[in-house]
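Biologist: Could you take me through one part of this model in close-up, the sheet and what sits around it? I'm new to this, so please explain the terms as you go.

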Amino acid sequence: MELGLQAPAGAVVFAATVDDYPLPPEEALCVEDAGEQRQRQFASGRHAARAALRRLGGAGQPIVREGRRPCWPAGFIGSISHTDTLAVAAVAAKSSGRSIGIDIERIRRLKPALHRKVLTEEERRRPWRDPREGVVAFSAKEAGYKAVNPLTDAFIPFREAEVELDWKRSAFRLRYLGRHEPNRLLNDGVGTFGFIGNEVVTLFFLG
Ligand SMILES: CC(C)(COP(=O)(O)OP(=O)(O)OC[C@H]1O[C@@H](n2cnc3c(N)ncnc32)[C@H](O)[C@@H]1OP(=O)(O)O)[C@@H](O)C(=O)NCCC(=O)NCCS
């Protein structure tokens, strides 16, 4: 199903219920040693991604992996995320931007004990207008990482990024606080978020 997230121009976002979708042999090889639930999540992410690629005129090529990162067919950028029950994928033509990242999280996933690990002091001090702000910020950082990491090959600790949320517009920006120059790319992107039932979906786009 196509998701009604405010995607940046040219990007499409698809979701799929986690299930046993068939995989082409090249993709099946990527998860041959994984457990059943992991295989289902992997297959569901690929299923959503292929639907998005088809919408953009792609030919349904396999999406294999380079390390943990998905390898997109020539001419496309994209990103995948899943929870236990839902998989989402965002895809765009390479001509429309440098990179894209998507993330989905269960709203309840971010227990207060985790706040210290994934939020900066400033983020924790803010008066939240909505109790979901913490998990949206967590998810926004993961979406940002998925967009930036394939371009820089560098890790970004959660507390080296700060989220500026515009709750009314369902939008966010990220600010890189660390010292690794290439990771400053995080500052260039724009993000949007939305809710599907008990989950939040964030999308980060580097034009
Ligand atoms: C990579 C990471 C973001 C994945 O998030 P997650 O919540 O564990 O899992 P998700 O279901 O959302 O995403 C998994 C998908 O992300 C994609 N992915 C994995 N590593 C990736 C990377 N380095 N770059 C881009 N995409 C990546 C894959 O498509 C994977 O699904 P697949 O294996 O089925 O293909 C997370 O494990 C991580 O390492 N985070 C630490 C760094 C970080 O987020 N910092 C934030 C500061 S900006």
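Modeller: Sure, let's start with a term: two strands pair if DSSP finds at least two bridges between them. Strands (E, at least two residues) and helices (H or I, at least four) are DSSP runs, numbered from the N terminus. Keep in mind that this is a predicted model, where local features need pLDDT of at least 70 and side-chain atom pairs count only at pLDDT 80 or more, while totals for chains, interfaces and linings use all residues. Residue numbers start from 1 along each chain as its sequence is written.

Now for the pairing. E7 and strand E8 (residues 171-176) run antiparallel and are joined over six bridges. Look at glutamate 164, for instance: its bridge partner in E8 is arginine 173.

Zoom out a little and you'll see an open sheet of five strands, in the order E6-E10-E9-E8-E7, with antiparallel pairing. Strand E6 (99-106) and strand E7 (161-166) are the edge strands, and each pairs on one side only. On average, neighbouring strands of this sheet are turned by 25° against each other, direction ignored. (Axes are lines fitted to C-alpha atoms, for helices over the stretch in contact, and angles run from 0 to 180 degrees between N-to-C directions.)

Packed on the sheet is helix H5 (residues 133-152), which touches E6, E7, E8, strand E9 (190-196) and strand E10 (199-206). The direction of H5 makes about 150° with that of E6. Here, contact means that the C-beta atoms of two residues, placed from the backbone, lie within 7 Å.

H5 also leads us to the ligand. There are 21 residues around the ligand, and Arg68, Ile80, Ser81, Tyr145 and Ala161 come nearest; a residue is near a molecule or strand if its C-beta atom, placed from the backbone, lies within 6 Å of it. Helix H2 (36-55), strand E3 (69-70), strand E4 (76-82) and H5 are the elements that give two or more residues to this shell. H5 gives the most, with seven residues.

Where does the ligand lie relative to the domains? Domain 1 (11-101) and domain 2 (102-206) both give residues to the shell around the ligand, so the ligand lies between them. Those bounds come from an automatic or database domain assignment. The C-alpha centres of domain 1 and domain 2 are 21 Å apart, and their contact takes 17 residues from domain 1 and 19 residues from domain 2.
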